[in-house]
Amino acid sequence: MQKKISFIKSKKNKSKIVCLTAYSKNTASIIDKHCDVILVGDSLGSVLYNFSSTKKVTLDMMIEHSKSVRMGVKKSLMVVDMPHNTYRTSKEALENAKKIISKTKCDAIKLEGGKKVVQIIKTLIKNKIQVMGHLGVLPQSATSFKFKGKNIVERKNILRDSKLLEEVGVFSIVLECVESSLAKEITKIVRVPTIGIGASVHCDGQVLVTDDLIGLNKIKARFVKRYSNIEKQINNAALKFKKDVVTTKFPTKKHSY
Ligand code: KIV
């Protein structure tokens, strides 16, 4: 695990970091060879369970999905999101992070926030837990999903938080919907890699939600680029299956005992 963390850190200023989300074994095993990091994101709440926000995602949900993902990840660094209300105090965070790691065998955890969670992150790192930070739009507490860095106060706070996270020892920082020039500045200043989602090409790497990438989730966000249309393929396969079933073309002898 330490080797994988060092590898991710060593990519800063050399080559871009590729990160995608996975919520189950099958997806994880397909994307593993192309990724540096696979994130079991709490975005699974909205993507899979249709929750209106990630706030309803539970520790047990994250653990069960992560156990499945673990079976598909061989090469990438596996990071698991700590869900909302599971890291309100250092004690709670440590207990829950240990639980996630022991049950899922993930390499690291991610949690959202800057100044407010710095002491918590410090405790986790002191206890040899690898932490990925997350700044900018913070879905677990956000009231608005507008990009961050519009005004001086926002910019100052995010910059300060990036430095704080670096100081306490996170191995990388996700920047979600952060204005381009600010993402560029942070990436230049902090020595750990930044991984952007809607935070410009200047970050040290990029992350996308796989279901968005393959056209399975119909989110319309500026930062999403759809690379394939799996919905169409599933639709075609189901339609062909239906036709074969109703015309008794399936199953043939070949598919029977
Ligand atoms: O939950 C998630 O998938 C995330 C990424 C979008 C960074 O946090």
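**Buried charges, salt bridges and the ligand site**

Asparagine 217 sits in the loop that links helix 9 to helix 10 (230–246); helices here are DSSP runs of H or I with at least four residues, strands are E runs of at least two, and both are numbered from the N terminus. The model is a predicted one, so to speak of local features a pLDDT of at least 70 is needed, side-chain atom pairs count only at pLDDT 80 or more, and totals for chains, interfaces and linings use all residues. Residues are numbered from 1 along each chain as its sequence is written, and side-chain values use heavy atoms, with hydrogens and water left out.

With a relative accessibility of 17%, asparagine 217 counts as buried (buried is under 20% relative accessible area, exposed over 50%, partly exposed in between, with a 1.4 Å probe and protein chains only). Setting aside neighbours within four places in sequence, asparagine 217 is in contact with Val47, Asp211, Asp212 and Arg226, where contact means heavy atoms within 4.5 Å.

One of those partners, aspartate 211, belongs to helix 9 (residues 210–213). Aspartate 211 is a bit of an oddity to look at: buried, yet without a salt bridge, and with arginine 226, the nearest side chain of opposite charge, 10 Å away. For this purpose Lys and Arg are positive, Asp and Glu negative, and His and the chain ends are not counted. Outside four places in sequence, aspartate 211 touches Tyr23, Val47, Leu48, Leu216 and Asn217.

Now for the charges that do pair up. A salt bridge is taken as a side-chain nitrogen of Lys or Arg within 4 Å of a carboxyl oxygen of Asp or Glu, and by this rule there are eleven. In one of them, aspartate 204 meets lysine 12, with 2.8 Å between the closest N and O atoms. Aspartate 204 is in the loop between strand 7 (194–197) and strand 8 (205–208), and lysine 12 in the loop between helix 1 (2–10) and strand 1 (17–21), so this pair ties together parts 192 residues apart in sequence. Both ends are buried: aspartate 204 has a relative accessible area of 6%, and lysine 12 has 9%.

Lysine 67 and glutamate 64 make another salt bridge, their closest N and O atoms 3.2 Å apart. These two share helix 4, three residues or about one turn apart. Lysine 67 is partly exposed at 33%, as is glutamate 64 at 47%. Arginine 160 pairs with aspartate 161, this time with 3.0 Å between the closest N and O atoms; arginine 160 is partly exposed at 34%, whereas aspartate 161 is buried at 11%.

On the nonpolar side, the largest core has 70 residues, and Ile109, Leu111, Leu124 and Leu175 touch the most other members. Such a core is a set of buried Ala, Val, Leu, Ile, Met, Phe, Trp, Tyr and Cys residues joined through side-chain atoms within 4.5 Å. Helix 4 (residues 59–72) supplies the largest share of this core, five residues. Leucine 124 touches Ala93, Leu94, Ala97, Ile109, Leu111, Ile129 and Val131, residues up to four places away in sequence not being counted.

Finally, the ligand. The residues around the ligand, meaning those with a heavy atom within 4 Å, are Thr21, Leu39, Gly41, Asp42, Ser43, Asp81, Lys110, His134, Val174, Ile197 and Val209. Serine 43 has a polar side-chain atom 2.6 Å from a ligand oxygen. For aspartate 42, a polar side-chain atom is 3.1 Å from an oxygen atom of the ligand, and for aspartate 81 a side-chain N or O atom is 3.1 Å from one.

Technical notes: A polar contact is a pair of N or O atoms within 3.5 Å; within protein, one must be able to donate a hydrogen and the other to accept it, and residues adjacent in sequence count only if both atoms are side-chain atoms.
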